[in-house]
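Please walk through this structure one element at a time, with the sequence and the coordinates side by side.

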Amino acid sequence: MRIDKRILNFLAIIILTLLTFWWTSFIFHLGIVWSAVATIILFRIIASLLIYKDYSLSWSKATPKTFLIKSVVVAVPLLFYIPLFYGELRITFMVSEAITYLVAINFVMYSYYFYINRCDIAKTKSLVIYGAGRAGNKLEDEFRNSEYRVKYFVDDDKVLQGRSIDGVRVISKEKLKELIRDKHKYDLLVIAMPSAKKNRIKEIHQNLSPYFKQIKILPPIDEILRDENFSSQLKDISVEDLLARNPKDLDKKAIKKFIDGKKVLITGAGGSIGSEIARQCAHFGAKELILLDHSEFNLYQISEELNEYKPSLVMQSVVNKELLDKTFAKHTPDIVIHAAAYKHVPLVEENITEAVLNNIIGTKNTIDCAIKYNVQKFVLISTDKAVRPTNIMGATKRVCELYAQNINTPQNTEIVAVRFGNVLGSSGSVIPKFKAQIASGGPITVTHPEVTRYFMLIPEACELVLQAASIGKGGEIFILDMGEPVKIVDLAQKMIELSGRDDIEIEFVGLRPGEKLYEELLIDDATATTKYESITVAGKTEYDINKLNHDIFELLSCEDKIAKLKEIVPEFEHRLN
């Protein structure tokens, strides 16, 4: 038969009070006043019943808060029975007995806690936690009932170094390397720094990866589920974590001011860029989201994700100007962000007519409707491949830039373009392809040993797009600083390393049609700076808009579209590789 834990609590009060009264009486060389003992026991039981439901506290789940509650439950009765027994018992006696009782009951409670929560699992693996803050402490507590033994905490705070937490030393990164150097690798490093910038994560990984078999990290602080164990939310460090940058001059106040309370229409809203732009606009307080995409599935996915914002869903192609016109007339957006485009270089090379229609005519239609319906700001999402293009995709996007820069606009409509490089994790990115190849056992296929690309995380790129758009006055092509270029073969090797596989090989398959070995350094095309270091402005290329319209019309109907594209974009050098 199980005894009610609350009755056990009252029994503990009675037994411990008897013991502490006997001990204190022995220390003070006094006889036991049984009437005082009975009264104090009664006061403590009443306090346990009335204060913070102390009688129902689970000792097996004790926390520092439990200790504070016990302290209050002991202190409050003391204030009542000191006046009652004043003269019969010395105050020092009663205070000493109360302190002894408090120590005793907490000692018994925490002994019970450690006995119940003792770990019977053999500690066969070694663990180091980087970060001795709250997240690190919580993880150390959670890993007690696992096969991992926490060897050290590592922290950059020199005040903490040399101290310990629950008997686990806190050391510096340099000291850790010194301790491991002559030993085998430790099993696991957990980076418990959910607020850390990506650059910091990358630095820690580069410094300590040789010393560990596996590295895991906590998600960013805004992604952590508070009701779940932190240990269950740990994730493998990814190549996105290592390549990501945090723009130093990201101005969220400017973005908020730009988007807040506006009706925003996003074309290509179901794509990698469009969907993240939609998320950002929702986050920054858009009054209404009009999501336009010709893919039913993509539109459905983003609409489900943003369901609470009740977006308006438009399933149509930007090539159909008649339907597009009706959409603008119905919703009258304040801001249009044009992300709809065919961007996959090899596919576009195989489908030139469709690329001209979707990229050029779709952009022209959207800009024309924006002007007709007095849109305040039109933002064209462009690409680094529009710089001295070598492929059809880049050439079509360059024509879009020319149209955006040279179209005659009324005073109340501003048209800007934002140009950036590859984004990590997009549908056309090399990273999902490499992941799939690793999962299937390889090989990883890389076009050329020297091919390099610029990379940026989708959220970072989209935030900078909105930031650039917020400062645009019309006619600019903004260039986002993409950081340092990355060799694709180095990227492949890093992904193999992170996968823990040593049986994956890299195979070079040759450059694809239209593909560059090196993307142009975007900053070379910039002629002006902005108040943000991460954003510069490309020089304007003058092109008579009537001639451009005529050239686009001829491009649609001519047989040799590549020749016509070269005529419109003289720097276009088509490479078949």
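Which side chain meets that of Lys564 in a salt bridge? In this predicted model, the partner is Glu567, with 3.0 Å from N to O. Both residues belong to helix H20 (residues 561–568), where they are three residues apart, about one turn of the helix. Because an α-helix has 3.6 residues a turn, residues three or four places apart point the same way. The two partners are nevertheless covered to unlike degrees: Lys564 counts as buried because its relative accessibility is 6%, below the 20% that marks the limit for burial, whereas Glu567, with a relative accessible area of 45%, is partly exposed. The pair also belongs to a network, in which salt bridges that share partners join Lys547, Asp551, Glu554, Lys564 and Glu567.

The structure holds 29 salt bridges, and two further examples can be set beside the one in H20. In helix H14 (352–372), Asp368 forms a salt bridge with Lys364, the closest N and O atoms being 3.1 Å apart. These residues lie four residues apart in H14, again about one turn of the helix, and both of them are buried. The salt bridge between the side chains of Asp260 and Lys256, at 3.8 Å from N to O, has another setting, since Asp260 is partly exposed at 39% relative accessibility and Lys256 is likewise partly exposed at 35%.

Helix H14 leads on to helix H12 (residues 321–331), since H14 is among the elements that cover the buried residues of H12. Those buried residues are Leu324, Asp325, Thr327, Phe328 and His331. They lie on the same side of H12 because they cover an arc of only 160° around the axis. The other side of the helix carries Glu322, Lys326 and Lys330, which are exposed. Besides H14, what covers the buried residues of H12 includes the strands E8, E9 (288–293), E10 (312–315) and E11, so that the helix can be read together with the strands, two of which are taken up next.

Strand E11 spans residues 335–338, and its side chains are directed in two ways: Ile335 and Ile337 point one way, Val336 and His338 point the other way, and all are buried. In a regular strand the side chains alternate between the two faces of the sheet. E11 pairs with strand E8 (residues 263–267) in the parallel sense over four bridges, and here the bridge partner of Val264 is Ile335. E11 is also joined by four bridges to strand E12 (residues 377–383), again running parallel, and in this pairing Ile337 stands opposite Val379.

Elsewhere, an open sheet of seven strands follows the order E3-E4-E2-E1-E5-E6-E7, with mixed pairing. Its edge strands are E3 (164–165) and E7 (235–236), each of which pairs on one side only. Within this sheet, E5 and E6 pair in the parallel sense over five bridges, and Tyr186 stands opposite Phe212 in E6.

Several strands of this sheet meet helix H7 (residues 198–208), whose buried residues are Arg200, Ile201, Ile204, His205 and Leu208. The arc that they cover around the axis is only 135°, and therefore they are on the same side of H7. What do the buried residues of H7 pack against? Their partners are strand E1 (125–130), strand E5 (186–191) and strand E6 (212–217), together with helix H6 (173–180), helix H8 (239–243) and helix H18 (488–499).

A last stop is the surface, where Ile7, Leu8, Leu11, Ile14, Ile15, Leu18, Leu19 and Trp34 make a nonpolar patch of about 730 Å². Its largest share, seven residues, comes from helix H1 (residues 5–28). Ile14 has its place in this helix and is partly exposed, with a relative accessible area of 31%. That value is enough for Ile14 to be part of the patch, because residues of a patch need over 30% relative accessible area.

Note on methods. Residues are numbered from 1 along each chain as its sequence is written. This is a predicted model: local features need pLDDT of at least 70, side-chain atom pairs count only at pLDDT 80 or more; totals for chains, interfaces and linings use all residues. Side-chain values use heavy atoms; hydrogens and water are left out. Buried means under 20% relative accessible area, exposed over 50%, partly exposed in between (1.4 Å probe, protein chains only). Two strands pair if DSSP finds at least two bridges between them. Patches are made of residues with over 30% relative accessible area and no salt bridge: like charges are joined within 9 Å, nonpolar side chains (Val, Leu, Ile, Met, Phe, Trp, Tyr) within 5 Å. Accessible areas come from the Shrake-Rupley method with a 1.4 Å probe; for residues, only the protein chains shown count as cover. A salt bridge is a side-chain nitrogen of Lys or Arg within 4 Å of a carboxyl oxygen of Asp or Glu. The arc is that of the directions from the helix axis to the C-beta atoms. Contact means heavy atoms within 4.5 Å.
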